[in-house]
Amino acid sequence: ALKVGADLTQKANVVVSEILDSGLLGEGVLPSLRDAKANLLTQKATIIPKSAEVYGILIESPHLKSVHPLQEICGFDLSPFDELREKTPYKRVLLNQVPHQRLSDVFPIQNFDFYNLPSYYSEHNPLKKTIKVKASKAGQVHAVAFWFTLHLDNEISLSSGPKGEMIHWGQALCFLNEVKNVKEGEEIEITMNQSDMSIWFTI
């Protein structure tokens, strides 16, 4: 909403933002910075944070899966109530407080350079990227839990992971469109879908 000449006497040479949710993109960091770079910033402006890297793990969690989607509970068919669920690509969780089993090591998902922003992708026409992940133990893959490492500059980095400095941020949890049975050492392929506002996974 700012205008140079009205709200700002001249274009800014520093932008500091915190437009990030647990899944990194959900508060609009990409379109906001894209607009700022086009209209409000000098060509060599300093951008803080400068970049981010997204990481994830495969998890099994019967506790969470039992209500995603909501189906039968204690012999009662509660599936009609699932229509009331907010349909979001992922939910915020604190993995350290949720019963789950890790079925993979941490793997890289996507990088974002806020100085060189990616092209626009919509929810209906997302960027797709195939990721190969090796199962570290046998089980049922229910979801991908993911978080990010934020690079404020070339020296200061912070993580929203389960052992990170920003643990209060929480992690994002995306349930897959189908349950995948895996054996220890088996390699599976998942698809990362990325729009301007979210990241989600399919199999």
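A salt bridge here is a side-chain nitrogen of Lys or Arg within 4 Å of a carboxyl oxygen of Asp or Glu. By that criterion, a search of the whole structure finds 1 salt bridge. The model is predicted, with local features requiring pLDDT of at least 70 and side-chain atom pairs counted only at pLDDT 80 or more, while totals for chains, interfaces and linings use all residues. Residues are numbered from 1 along each chain as its sequence is written, and side-chain values use heavy atoms, leaving out hydrogens and water.

**Stop 1: the salt bridge**

Select Asp196 and Arg34, whose side chains meet in the salt bridge at 2.7 Å, N to O. Asp196 sits in the loop between strand 13 and strand 14 and Arg34 in helix 1 (residues 29-39), so the pair ties together parts that are 162 residues apart in sequence. Helices (H or I, at least four residues) and strands (E, at least two) are DSSP runs, numbered from the N terminus. Asp196 counts as buried, at 4% relative accessibility, whereas Arg34 is partly exposed, with a relative accessible area of 25%. Buried means under 20% relative accessible area, exposed over 50%, and partly exposed in between (1.4 Å probe, protein chains only).

**Stop 2: the sheet beside it**

Next, select strand 13 (residues 187-194) and strand 14, which pair in the antiparallel sense over 4 bridges. Two strands pair if DSSP finds at least two bridges between them. The two strands form a hairpin with 4 residues between them. Gln194 has Ile199 of strand 14 as its bridge partner.

Add strand 9 to the selection: 3 strands form an open antiparallel sheet in the order 9-13-14. Strand 9 (127-134) and strand 14 (199-202) are the edge strands, each pairing on one side only. From one strand to the next, the twist averages 30°; axes are lines fitted to C-alpha atoms, for helices over the stretch in contact, and angles run from 0 to 180 degrees between N-to-C directions.

**Stop 3: the nonpolar cores**

A nonpolar core is a set of buried Ala, Val, Leu, Ile, Met, Phe, Trp, Tyr and Cys residues joined through side-chain atoms within 4.5 Å. Which residues touch the most other members of the largest nonpolar core? Select Leu58, Phe114, Phe146, Ile190 and Phe201, out of 41 residues in that core. Strand 10 (residues 139-151) supplies the largest share, 5 residues. A second, separate core has 11 residues, including Ile59, Leu95, Ala143 and Leu173.

Now centre on Phe146. Contact means heavy atoms within 4.5 Å. Not counting residues up to four places away in sequence, Phe146 touches, among others, Val54, Tyr90, Ile109, Cys174, Ile199 and Phe201.

**Stop 4: the aromatic pairs**

Rings of Phe, Tyr and Trp (its six-membered ring) pair if their centres lie within 6.5 Å; planes under 30 degrees apart count as stacked, over 60 as edge-to-face and the rest as tilted. The structure holds 3 aromatic pairs. Keep Phe146 and add Tyr90: the pair is edge-to-face, 5.5 Å centre to centre with 85° between the planes. Tyr90 is in the loop between strand 5 (76-77) and strand 6 (91-93) and Phe146 in strand 10, 56 residues apart. Both Tyr90 and Phe146 are buried. Add Phe201 to show one aromatic cluster, formed by Tyr90, Phe146 and Phe201.

Finally, select Phe148 and Trp169, an edge-to-face pair at 5.8 Å centre to centre and 80° between the planes. Phe148 lies in strand 10 and Trp169 in the loop between strand 11 (157-159) and strand 12 (171-182), so the pair ties together parts that are 21 residues apart in sequence. Phe148 is buried at 1% relative accessible area, and Trp169 also counts as buried, at 15%.
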